[in-house]
Amino acid sequence: MERVKIIRYSPWLVHFNTGACNGCDIEVLTALTPLYDPERFGVKLSPSIRHGDILVVTGAVTKKSAERLKRLYDQMPDPKFVIAVGACASSGGVFAGSYAVMNGVDKVIPVDMYVPGCPPRPEAILEAIVKLLKKLENAQKEVGEVARE
Ligand code: SF4
């Protein structure tokens with residue numbers, strides 16, 4: 001029940017590269033520019049991991065970055081959510097099977113939304129964020145209805 005509560009109507013994002021080639025990062029940063037205007041959905045970049053609500057992760061998660069990813073996740077306040085951006089973050093992508101990678105973010109922390117593509121377009125990244133917010137809103141309504149019954 002705690003996980004469906006969103007603490008703000010303007011969730012703050014934190015972006016972390018766990019070993020991406022930079023392709024997905026460019027698209028994430030583009031999605032956050034005024035051209036795509038994410039603030040119309042109430043979304044903005046957080047200045048600190050400790051204020052983050054949604055962790056946006058790119059890259060295949062190298063074995064070296066896995067510990068940092070887990071530490072960052074643990075530092076976020078509850079409730080917190082994770083979006084894996086791109087094929088590498090979702091499953092390891094072109095690096096899957098390498099001795100140096102974990103084959104995806106969900107091998108280290110729970111993932112709420114996956115964005116396919118190599119790299120995905122900014123529109124797809126924004127769509128994932130909006131879908132996650134919608135999912136939370138619906139879950140919150142259901143919990144509210146159950147509580148009223
Ligand atoms: S999914 Fe493609 S663009 Fe994104 S980090 Fe992997 S190789 Fe680079």
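**Note on the predicted fold, its core and its ligand shell**

1. **Leu55.** Setting aside residues up to four places away in sequence, Leu55 touches Val14, Phe16, Leu72, Tyr73, Met76, Lys80 and Val82. Please read this, and every point below, as a statement about a predicted model.

2. **The largest nonpolar core.** Leu55 is one of the residues that touch the most other members of this core. The others in that group are Val56, Val57, Ile83, Ala84, Val85 and Ile125. The core has 36 residues in total. Two or more residues come from each of these elements: strand E1 (12-17), H1, strand E3 (54-58), helix H2 (63-75), strand E4 (81-85), H3 and helix H4 (122-148). E4 contributes the most, with five residues.

3. **Ala84.** This residue belongs to strand E4. Is Ala84 buried or exposed? Ala84 has 28 C-beta neighbours inside 10 Å, and so counts as buried. Beyond its neighbours within four places in sequence, Ala84 is in contact with Val57, Ala89, Ser90, Gly104, Val105, Asp106, Val111, Tyr114 and Val115. There is also a link across the sequence to Thr58. The two residues are 26 apart along the chain, and their C-alpha atoms are separated by 6.3 Å.

4. **Chain layout.** The protein chain holds four helices and five strands. Read from the N terminus, the elements follow the pattern β-α-β-β-α-β-α-β-α. The chain has 149 residues, of which 36% are buried. Take the contacts between residues at least 6 apart in sequence: 80% of these join residues at least 24 apart.

5. **The sheet.** In what order do the strands of the open sheet stand? The order is E2-E1-E3-E4-E5, five strands with parallel pairing. The edges are strand E2 (44-45) and strand E5 (113-115). Each has a single partner strand, so one side of each is left without a neighbour in the sheet. In general, strands of a sheet pair through backbone hydrogen bonds, either parallel or antiparallel.

6. **E4 and E5.** These two strands run parallel and are joined by three bridges. Val85 stands opposite Val115 in E5. Val85 is also among the core residues that touch the most other members. Val115 appears again in the contact list of Ala84.

7. **Helix H1.** Which residues of H1 are buried? They are Cys24, Glu27, Val28 and Ala31. Viewed down the axis of H1, these buried residues fall within an arc of 100°, so they line one face of the helix. The spacing fits a general rule. An α-helix has 3.6 residues a turn, so residues three or four places apart point the same way.

8. **The ligand shell.** There are 13 residues around the ligand. The nearest are Ala20, Cys21, Gly23, Gly86 and Cys88. Helix H1 (23-31) and helix H3 (86-91) are the elements that give two or more residues to this shell. H3 gives the most, with three residues. What is the make-up of the shell by residue class? Eight residues are nonpolar, five are polar and none is charged. H1 and H3 also appear in the list of elements that give two or more residues to the largest nonpolar core.

9. **Positive phi at Asn22 and Asp37.** Most residues other than glycine have a negative phi, and most peptide bonds are trans. Asn22 is not a glycine, yet its phi is positive, about 100°. Asn22 sits in the loop between E1 and H1. Asn22 has 11 C-beta neighbours inside 10 Å, so it counts as exposed. Asp37, again not a glycine, has a positive phi of about 50°. Its place is the loop between H1 and E2. With 12 C-beta neighbours inside 10 Å, Asp37 also counts as exposed; the cut-off for exposed is 12 or fewer.

10. **Cis peptide bonds.** Which residue pairs are joined by a cis peptide bond? One pair is Asp78 and Pro79, with omega about -5°. Pro79 lies in the loop between H2 and E4. Another is Cys118 to Pro119, where omega is near -5°. Pro119 is in the loop between E5 and H4.

Notes
Residues are numbered from 1 along each chain as its sequence is written. This is a predicted model: local features need pLDDT of at least 70, side-chain atom pairs count only at pLDDT 80 or more; totals for chains, interfaces and linings use all residues. A residue is near a molecule or strand if its C-beta atom, placed from the backbone, lies within 6 Å of it. Ala, Val, Leu, Ile, Met, Phe, Trp, Tyr, Cys and Pro count as nonpolar, Asp, Glu, Lys and Arg as charged, and the others, Gly among them, as polar. A nonpolar core is a set of buried Ala, Val, Leu, Ile, Met, Phe, Trp, Tyr and Cys residues joined through C-beta atoms within 7 Å. A residue is buried if 20 or more other C-beta atoms lie within 10 Å of its own, exposed if 12 or fewer, and partly exposed in between; C-beta atoms are placed from the backbone. Two residues are in contact if their C-beta atoms, placed from the backbone, lie within 7 Å. The arc is that of the directions from the helix axis to the C-beta atoms. Two strands pair if DSSP finds at least two bridges between them.
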